[in-house]
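Trainee: Got a minute to go through this model with me? I'd like to start with the ligand and then move on to the cysteines.
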Amino acid sequence: MLPGGPFIARRGKDLFIEDCAARALAARFGTPLYVYSRSAMLAALAPWQRALAGRPHRLCYAMKANSNLAVLQTFAAAGCGFDIVSGGELERVLAVGVDPARVVFSGLGKTRAEMRRALVAGVHCFNVESEAELELLSEVATALGRRAPVSLRVNPDVDAKTHPYISTGLKDNKFGVAHDRALAAYRHAARLPGLEVVGIDCHIGSQITEVAPYLDALDRLLDLVEALEAEGLPIGHIDLGGGLGIRYTDETPPGADVLIAALLARIDARGHGERALVFEPGRSLVGNAGVLLSEVLYLKPGEHKNFCVVDAAMNDLMRPALYQATMGIVACTLRDLPSLVYDVVGPVCESGDWLGRDRALALAAGDHVAVLSAGAYGMSMASNYNTRPRAAEVMVQGDQAWLIRERETAAELFRGERLLPG
Ligand code: LLP
């Protein structure tokens with residue numbers, strides 16, 4: 001089964017996203033094109049919801065993974081809250097009509113203006129990452145005559161065993177308050193006039209494929225919760241962040257049900273069964289629900305390497321260039337041609353602009369390929385490098401396909417620029 005199966009699967013020679021042929025979508029909407037399966041998103045959410053049923057909890061979709069309004073709308077309608085990391089993400093949540101009381105505001109560099117807007121909107125919780133941020137948030141809240149609900153992001157110093165760029169819970173990462181300073185930081189927070197302590201949180205990394213680092217982080221958090229409550233400082237909820245990995249090629253991450261069952265067992269064993277839980281999954285809800293469709297522009301045989309030049313590039317999908325990420329690439333329609341081993345590359349003027357290396361594919365110019373598992377951190381990280389308009393996005397359910405973001409035009413890209421006078 002392909003990553004994304006059964007919602008993304010081959011029928012005969014053609015790749016389908018639910019009941020829509022990739023080749024037909026590419027012809028109808030053009031390429032590069034992000035296509036998402038709505039059913040795959042909801043199917044990815046279901047095990048989280050099932051595993052947490054009967055417990056006080058909130059699932060806050062980490063919208064940085066894919067912040068298209070229609071994606072947010074899908075998760076909001078399914079009962080999710082949201083994890084946001086910027087004023088811009090807050091505006092998206094508000095544009096979709098989500099109750100801000102379902103939102104947690106993460107991020108280590110919140111500005112005064114972002115704090116103010118989020119306080120006025122009424123977010124559920126600020127996940128605060130430093131003592132200095134506590135001070136500023138208290139000041140901003142006091143000036144508004146409010147108290148900001150806060151949780152401290154504790155850096156538990158556990159190794160999530162993932163790529164260094166997406167590992168966030170180690171001592172030397174820039175994130176969170178060090179575990180051994182957390183008690184003092186909480187005492188400080190409790191004294192500040194503009195704050196109300198409501199929880200504790202952590203996020204140890206992304207694309208995590210093991211349960212053990214989560215259990216270690218949970219233990220470290222529970223140690224703090226017990227110490228704080230012994231001092232008379234109640235901690236409402238525990239937020240264990242996001243981070244659950246997906247299968248890109250041969251990874252075998254635990255299912256959300258397995259992860260949650262292990263965490264709940266530990267929580268119960270330590271006598272915290274009634275405590276409210278928050279999770280912030282991003283990638284695991286959308287990653288394998290999306291593909292990036294691209295047209296083959298040129299096949300370029302070389303002495304040592306063959307290149308397949310496609311019309312999607314590192315600006316559309318940055319993960320391979322940035323993290324050397326391996327993502328599946330398949331032909332949208334299988335052909336009776338001998339396959340050749342290609343580096344699949346984009347038109348951007350950098351050797352780092354590649355989508356896949358050493359891929360055996362049977363292709364001709366004009367064919368389409370699909371980069372798999374591209375629903376998370378694909379479009380949300382896209383840029384306009386080389387003045388390349390960003391791709392269009394389509395949501396599919398059954399045999400229906402909706403355009404959920406128009407392709408940008410070049411004129412839009414320099415709309416805000418000005419020529420010098422004279
Ligand atoms: N909560 C916080 C505070 C986070 O920093 C993140 C992701 C999440 C939740 C969601 O984590 P997820 O469930 O998606 O793993 N661009 C990288 C991933 C960066 C993740 C950053 N933080 C990539 O493409 O692999």
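Trainee: How far is the polar side-chain atom of E280 from a nitrogen atom of the ligand?

Mentor: In this predicted model, that E280 side-chain atom lies 2.6 Å from the ligand nitrogen.

Trainee: And which ligand atom does R319 go for, and with what?

Mentor: R319 puts a polar side-chain atom 2.6 Å from an oxygen atom of the ligand. With R283 it's a backbone N or O atom, 2.7 Å from a ligand oxygen.

Trainee: How much of the ligand does the protein bury?

Mentor: The protein buries 92% of the 590 Å² that the ligand exposes when taken alone. The ligand sits in the largest pocket.

Trainee: How many residues surround the ligand, and which are the closest?

Mentor: There are 18 around the ligand, and the closest are S206, E280, R319, Y323 and Y377. By type, that shell splits into 6 nonpolar, 6 polar and 6 charged residues.

Trainee: OK, switching to cysteines. How many disulfides are there?

Mentor: The count is 0 disulfides.

Trainee: Why is there no bond for C202?

Mentor: Because its closest cysteine sulfur, the one in C125, is 13 Å from the sulfur of C202, too far for a bond. The cut-off for a disulfide is within 2.5 Å.

Trainee: What about C349, which cysteine sulfur is nearest?

Mentor: That's the sulfur of C308, 17 Å away, and C349 is in no disulfide.

Trainee: Are C202 and C349 buried or exposed?

Mentor: C202 is buried, at 2% relative accessible area, while C349 is exposed, at 66%.

Definitions and conventions:
Residues are numbered from 1 along each chain as its sequence is written. This is a predicted model: local features need pLDDT of at least 70, side-chain atom pairs count only at pLDDT 80 or more; totals for chains, interfaces and linings use all residues. Side-chain values use heavy atoms; hydrogens and water are left out. Buried means under 20% relative accessible area, exposed over 50%, partly exposed in between (1.4 Å probe, protein chains only). A residue is near a molecule or strand if one of its heavy atoms lies within 4 Å of it. A polar contact is a pair of N or O atoms within 3.5 Å; within protein, one must be able to donate a hydrogen and the other to accept it, and residues adjacent in sequence count only if both atoms are side-chain atoms. Accessible areas come from the Shrake-Rupley method with a 1.4 Å probe; for residues, only the protein chains shown count as cover. On a 1 Å grid over the protein atoms alone, a cavity is a set of points where a 1.4 Å probe fits but cannot get out, and a pocket is an open set with protein on both sides within 12 Å along at least five of seven lines; lining residues have an atom within 4 Å of a point. A molecule sits in a cavity or pocket if more than half of its atoms lie within 2 Å of its grid points. Ala, Val, Leu, Ile, Met, Phe, Trp, Tyr, Cys and Pro count as nonpolar, Asp, Glu, Lys and Arg as charged, and the others, Gly among them, as polar.
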